[in-house]
Amino acid sequence: MMKGQAAAGIALPPLPDDLRRQEAHAPVREGEPVVAILARERQALDRANARQGRMVQFYDDLTSRIGSRR
């Protein structure tokens with residue numbers, strides 16, 4: 001247990017591994033139509049936004065269990 005956890009009296013759950021992952025840009029292939037690249041880039045953005053939503057939900061669940069200490 002770390003010093004901050006001991007002082008707070010709370011052991012936080014580990015952050016899900018998925019929430020630490022960075023989303024890569026869509027690859028650009030020579031000669032490919034720009035619209036295809038843009039479509040893949042939008043899919044990557046959708047995945048990143050979904051991950052952010054899961055992070056917010058994780059945080060909200062955590063704060064509801066331990067209470068906000070602000």
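In this predicted model, the side chains of Arg-40 and Glu-32 meet in a polar contact at 2.7 Å. Arg-40 has a second polar partner in the backbone: a polar atom of the Arg-40 side chain sits 2.3 Å from the backbone oxygen of Pro-27. Setting aside neighbours up to four places off in sequence, the contacts of Arg-40 take in Ala-26, Pro-27, Val-28, Arg-29 and Glu-32. Arg-40 itself belongs to helix H2, which covers residues 34-66. For all its charge-bearing name, this arginine is not out in the open: Arg-40 counts as buried because its relative accessibility, 18%, falls under the 20% cut-off.

Ile-37 is also part of helix H2. With sequence neighbours up to four places away left out, Ile-37 touches Ala-26, Pro-27, Val-28 and Glu-32. Pro-27 comes 10 residues away from Ile-37 along the chain, yet their C-alpha atoms are 7.3 Å apart. Ile-37 has a relative accessible area of 16%, so it goes down as buried too.

Now for the protein as a whole. The fold has two helices and zero strands. Out of 70 residues, 11% are buried, and Arg-40 and Ile-37 are among them. As for surface, the accessible area adds up to about 5,900 Å², with carbon and sulfur atoms supplying 57% of that. Looking at contacts with a separation of 6 or more, 59% link residues that are 24 or more positions apart.

Methods:
Residues are numbered from 1 along each chain as its sequence is written. This is a predicted model: local features need pLDDT of at least 70, side-chain atom pairs count only at pLDDT 80 or more; totals for chains, interfaces and linings use all residues. Side-chain values use heavy atoms; hydrogens and water are left out. Helices (H or I, at least four residues) and strands (E, at least two) are DSSP runs, numbered from the N terminus. Buried means under 20% relative accessible area, exposed over 50%, partly exposed in between (1.4 Å probe, protein chains only). Contact means heavy atoms within 4.5 Å. Accessible areas come from the Shrake-Rupley method with a 1.4 Å probe; for residues, only the protein chains shown count as cover. A polar contact is a pair of N or O atoms within 3.5 Å; within protein, one must be able to donate a hydrogen and the other to accept it, and residues adjacent in sequence count only if both atoms are side-chain atoms.
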